[in-house]
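Here is a friendly walk through one model, meant to be followed with your viewer open. Keep a selection box handy and pause at each stop.

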Amino acid sequence: LDVSVDMWNFFYTCLVSLWLHRFYIYSAVAFGISIWIVIQFTTTKTKKKVTEHGEKYNGNPASSEGIEDKLVNGYATLQAKEVYVAGVKIFYGSQTGTAKRFAKGLAEAVISLNLPVEVISMGDYDPDDCLSEETTSRNICVFLVATYTDGQPTESAAWFCKWLEEAANDFRFGKTYLKGLRYAVFGLGNSVYVDHYNTVGRNIDRWLWMLSASRIMTRAEGDCNVAQSKHGSIEADFEAWRAKFLSRLQALCRGEKKPCSGKCKKGKCKSPGKQSKESSDHEHGASEYENTEAEELFETSSEEEADAEEAGGTNSVIDVEDLGGIMSHMKKAKSGLDSRVGGGMYHPFPRLSRNPIRTPILAAQGGYKLIGSHSGVKLCRWTKSMLRGRGGCYKHTFYGIESHRCMEATPSLACANKCVFCWRHHTNPVGTEWRWKMDQPEMILQEAIENHQNMIKQFKGVSGVKADRFEEAMTAKHCALSLVGEPIMYPEINRFVKLLHQHSISSFLVTNAQFPDEIRNLEPVTQLYVSVDASTKESLKRIDRPLFKDFWQRFLDSLKALSEKQQRTVYRLTLVKAWNVDELKAYADLISLGKPDFIEVKGVTYCGESSASNLTMANVPWHEEVVHFVQELANLIPDYEIACEHEHSNCLLIAHKKFKINGEWCTWINYDRFQELVQEHERSGGSKTFTAADYAARTPLWALFGSRERGFDPLDVRYQRRSKARDISGC
């Protein structure tokens, strides 16, 4: 009790003392607050001086960095200033040395701004490996490119341009693949060649824009024709552009957005004070930032961007008073397309009667080389991959083809289905019968091989391409007749296949199971595929959208015709989540009907947005889901087992147990033996037959399901593309 009383007395005494001396306490608190205010004022003033001093150094953050470090003391610690521009990379493609000379001159000017700079020849640069890194590097990429003979890029820039064009038109890269990359383009050309003037510069600008890269200023074009040059010579054109570029670069270094010229769309432009850091990194419509003087020198923007802005775009808000102009623009565009494709690009065959199949969209966006009236050839991405030692396609894993020696072609661009997952987005015609003037198979094969070789030649000297594989690739050993359309519709398909075999080229033919009579009459091929995209009449109609009214009976008859074949046969199942993955028992019934040697099961590849399909990424199954489906399906078909896997293509192979010889899988093909057998068959007039087992070969361990390699050839090195999105692309 005494302790409690003493404690209370102590606290009471303290409280009384604080109350009696409260004036001194208030004074001390007021003094402390005053000191804090003085410190804050001094700190703010110091920061302002540092900013003003940095502006004297042309806005380069690196110039003020050292000063800021010296001002770190006690309470006045300053944060490091944000770097808006880390450096400049100057890419040049030159034939006579002019672009190279301009690049070096520009580099010297950039160095004077205390910015790191790198001058790079496009011939020494691998865009597939490195260009995507520039999306986060905060570098400014400058492209000085010359247009050479017939509007083609110079030899050193050929591969860079080829890669960029394919990336811009390949759905696997995605529309935002280069989002974050900032660039400027200066083209070198001669206006005497009107049809090809500065074609390369314009193309590079357009392709970069299509991949969501951001212009820091609109494209400039230098003219070697002094009579037409805006400044009297190409050198003067470059000097004028360089001055504008350096001014723009300094503004970017300060994190500023160039003042609006008042010509931006609708006059709606964000004020510099309200602009965010993100908007300074992604400046799409560069014409908004150029003043009148600059527009006298520069083009405005790419043709695609101009068209998109004029039409309002798919995601833009359109004013009612603009609808008339937009509808007029769309009618003109449609009229122009109809005139280019003979008025029947998207119509059934009768409107194309006796006319050639003209498919400019396939040629321009898909990278196809059109042959004659109705055929085409294209370089597969797996061919390019294996040329560089980065692995082959699933056919390499399952059947032992050499992907770099495979030619992807078709003798018929037309098709009888409009599948929802078609990666051509239905840019090829559709129909139920042949109605064209027919090209001869000799001409088709000759031009296919020539076009294929010309596309392979473009890889000569490209970084990473293996010399031995390049030489091998010049001689095609395999032909995948699965490019587009329905190859079996071609009336001379048997002659075409025989020609392939006479050139020692194996044949992999894919059909959509709508032409049972043609399947029965087909001469032996190395491997015959039938696409089994669904297992019920209703789901097949929803997924394949066939043109034939009796499509289901044709489908079943095609599977029966397949069962009569003695050579290798394959079912090709494409899994579309929420569409056809719950029909296991029905699939098993179809397998018992057609009795295929192999069953390929592959997850659908998302082909991007299209008005022709409502598929999304949600419909793409994960590889684990495909594996689970295959395991459940294998349990329902006792004569089959899971044999191989190619994880990168999201694909597995189920094989008939007759190909498991002495406990070892033999899914690979002895191609030399097949050529011997097929030649004997032809010499005997068809009397001497052979079966799939006669040209089977042992499957290597790395290709088997459950192997550590997951189907990737250990002789190659797997390359993971630096992409913001998961790569689900297949073959």
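In which sense do E8 and strand E9 (residues 406–410) pair, and over how many bridges? Select both strands: E8 and E9 run in the antiparallel sense, and three bridges join them. Keep in mind as you look that this is a predicted model.

**The whole chain**

Zoom out for a moment. You have 731 residues on screen, and 51% of them count as buried. A cartoon view should show 24 helices and 20 strands. Among contacts with a separation of 6 or more, 77% are between residues 24 or more positions apart.

**Strand E8 and its partners**

Now go back to E8 and select residues 375–378 with side chains shown. Ser375 and Val377 point one way, Gly376 and Lys378 point the other way, and all of them are buried. Follow Lys378 across to E9, where its bridge partner is Glu408.

On the other pairing of E8, add strand E7, residues 369–371. E7 also pairs with E8 in the antiparallel sense, over three bridges. Two bridge partners to pick out are Val377 for Lys369 and Gly376 for Leu370. The two strands make a hairpin with three residues between them. Click on Gly372 in that turn to find a positive phi of about 55°.

**The sheet around them**

Extend the selection to the full sheet, which is open and has 10 strands with mixed pairing. Reading across, the order is E7-E8-E9-E10-E11-E12-E13-E14-E16-E15. Why do E7 and strand E15 (640–646) each have one side without a neighbour in the sheet? Both stand at the edges with a single partner strand, so one side of each is left without a neighbour there. Direction ignored, neighbouring strands in this sheet are turned by 25° against each other on average.

Next, bring in two helices that pack on the sheet:

- Helix H16 (residues 441–457) touches E7, E8 and E9, and its direction makes about 165° with that of E7.
- Helix H22 (residues 584–594) touches strand E13 (568–575), strand E14 (598–603) and E15, and its direction makes about 165° with that of E13.

**Helix H7**

Jump to residues 199–210, which form helix H7. Its 12 residues reach 16 Å from the first C-alpha to the last, close to the 16 Å expected at 1.5 Å a residue. Is H7 mostly covered or mostly open? Nine of its 12 residues are buried, so "mostly covered" is the description. Color the buried ones to see them: Val200, Gly201, Asn203, Ile204, Asp205, Arg206, Trp207, Leu208 and Trp209. Just past the helix, Ser212 takes a positive phi of about 75°.

**Into the nonpolar core**

Ile204 leads to the next stop: with Phe143 and Leu164, Ile204 has the most contacts inside the largest nonpolar core, a set of 108 residues. Center on Phe143 and show what surrounds this residue. Leaving out residues up to four places away in sequence, Phe143 touches Phe91, Met122, Phe160, Tyr183, Ala184, Val185, Phe186, Ile204 and Leu208. Another core lies apart from the largest one; this second set has 32 residues, including Val88, Ala99, Leu106 and Ala184.

**Last stop: residues 20–39**

Finish by selecting residues 20–39, which UniProt lists as "transmembrane region" in an unreviewed entry. In the model, this span is 95% helix and 0% strand, and its end C-alpha atoms lie 32 Å apart.

Note on methods: Residues are numbered from 1 along each chain as its sequence is written. This is a predicted model: local features need pLDDT of at least 70, side-chain atom pairs count only at pLDDT 80 or more; totals for chains, interfaces and linings use all residues. Side-chain values use heavy atoms; hydrogens and water are left out. Buried means under 20% relative accessible area, exposed over 50%, partly exposed in between (1.4 Å probe, protein chains only). Helices (H or I, at least four residues) and strands (E, at least two) are DSSP runs, numbered from the N terminus. Two strands pair if DSSP finds at least two bridges between them. Axes are lines fitted to C-alpha atoms, for helices over the stretch in contact, and angles run from 0 to 180 degrees between N-to-C directions. Contact means heavy atoms within 4.5 Å. The expected span of a helix is 1.5 Å times one less than its number of residues. A nonpolar core is a set of buried Ala, Val, Leu, Ile, Met, Phe, Trp, Tyr and Cys residues joined through side-chain atoms within 4.5 Å. UniProt positions are given in the numbering used here, feature names are shortened, and annotations may be inferred rather than shown by experiment.
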